[in-house]
Structure formats: C-alpha cells, structure tokens
Amino acid sequence: MPQPEGQSRAKRIAILLPNPCNPDYRVIKWAKLMAAEGHDVRLFCRHQGQIPAREEIDGITFIRKEISPRTFLKLKAKSLLKTLFFSKTR
C-alpha cells in the first residue's frame, strides 16, 4: 500500500561500532533522531565493564557483545551482525 505523501515507512536501522559507545554523543544523537522518527534503531557495540549487555534508552536498543576490536574490524558487516545476533552470550 502506498504511503501518504511526506511519510515514509519505519526502517530497521543497525549501527555498528567497534567501541563501547560509552558515550559517543555523535552516534547517540543521530540514533535518537532516527528513533524519534519511528525507526527501530539497534546500536551494536563492544561490551565493557559494568554496563548492561542489553538495554533500551530513548528508543535506542543498545546491544553490547564481548568482541575484540581486531575481530570487529576483520569481519564484514553481514558476518558481524550474524556473530552479534547468534553468539551464545546474550
């Protein structure tokens, strides 16, 4: 069904960061804007310290996994998402 003029369909947006995103204000600001527009925003980043492995803040789902920066940079985006989604640690 066509969308009304000026409106777009909500999208699933994945943001991949090789750091813990604690905090990365540029990325968080952009993610908040996308979430405010109704998009499903998931921010995948490295887990570090006492930060929860998964949480939702301001409409953004933060998913943190223990993965080394070297491994993160070697993986292609598709295989990285597969690693993040289907690894045994949730």
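Four salt bridges were counted in this predicted model. Side chains of opposite charge can pair when their charged atoms come close. One of the bridges joins the side chains of Asp 40 and Arg 12, with an N to O distance of 4.0 Å. Because Asp 40 lies in strand 2 and Arg 12 in strand 1, this pair ties together parts that are 28 residues apart in sequence. Arg 12 is exposed, with a relative accessibility of 67%, whereas Asp 40 is partly exposed, at 29%.

Asp 40 also takes part in a salt bridge with Arg 42, at 3.5 Å from N to O. The relative accessible area of Arg 42 is 21%, so this residue counts as partly exposed. A further salt bridge is formed by the side chains of Glu 55 and Arg 64, with 3.0 Å between N and O. Glu 55 is partly exposed, with 23% relative accessibility, and Arg 64 is buried, with a relative accessible area of 6%. Through shared partners, salt bridges join Arg 12, Asp 40 and Arg 42 into one network.

The protein chain contains three helices and four strands. Read from the N terminus, the order of these elements is β-α-β-β-β-α-α. The four strands form an open sheet with mixed pairing, in the order 1-2-4-3. Strand 1 (12–16) and strand 3 (54–57) are the edge strands, each paired on one side only. On average, and with direction ignored, neighbouring strands of the sheet are turned by 20 degrees against each other.

Strand 2 spans residues 40–46 and pairs with strand 1 in the parallel sense, over five bridges. Within this pairing, Ile 13 has Val 41 of strand 2 as its bridge partner, and Ile 15 stands opposite Leu 43 in strand 2. The pairing of strand 2 with strand 4 (residues 60–65) is also parallel and runs over six bridges. Here the bridge partner of Val 41 is Ile 60 in strand 4. Strand 1 and strand 2 are further linked with helix 1 (residues 25–36) in a right-handed β-α-β unit.

Five of the seven residues of strand 2 are buried, so this strand is largely enclosed by the rest of the structure. Cys 45 belongs to strand 2 and is buried, with a relative accessible area of 1%. Its contacts, leaving aside neighbours within four places in sequence, are with Leu 17, Asn 19, Pro 20, Cys 21, Ile 63, Arg 64 and Lys 65. Among these contacts of Cys 45 is thus Arg 64, the residue whose side chain meets that of Glu 55 in a salt bridge. The C-alpha atom of Cys 45 is separated by 8.3 Å from that of Ile 15, and the two residues are 30 residues apart along the chain.

Over the protein chain of 90 residues, buried residues make up 32%. Of the contacts with a separation of 6 or more, 50% are between residues 24 or more positions apart. The accessible surface of the chain comes to about 6,800 Å², and carbon and sulfur atoms account for 54% of that surface.

Conventions
Residues numbered from 1 in each chain as written. Predicted model: local features only at pLDDT ≥ 70, side-chain atom pairs only at ≥ 80, totals over all residues. Heavy atoms only, no water. Pairing = 2+ DSSP bridges. Helix = DSSP H or I, 4+ residues; strand = E, 2+ residues; numbered from the N terminus. Axes fitted to C-alpha atoms, helices over the stretch in contact; angles between N-to-C directions. Buried < 20%, exposed > 50% of the residue type's maximum accessible area, 1.4 Å probe, protein only. Contact = heavy atoms within 4.5 Å. Areas by Shrake-Rupley, 256 points an atom, 1.4 Å probe, with all protein chains shown as cover. Right-handed = clockwise from strand over helix to strand, strands pointing away.
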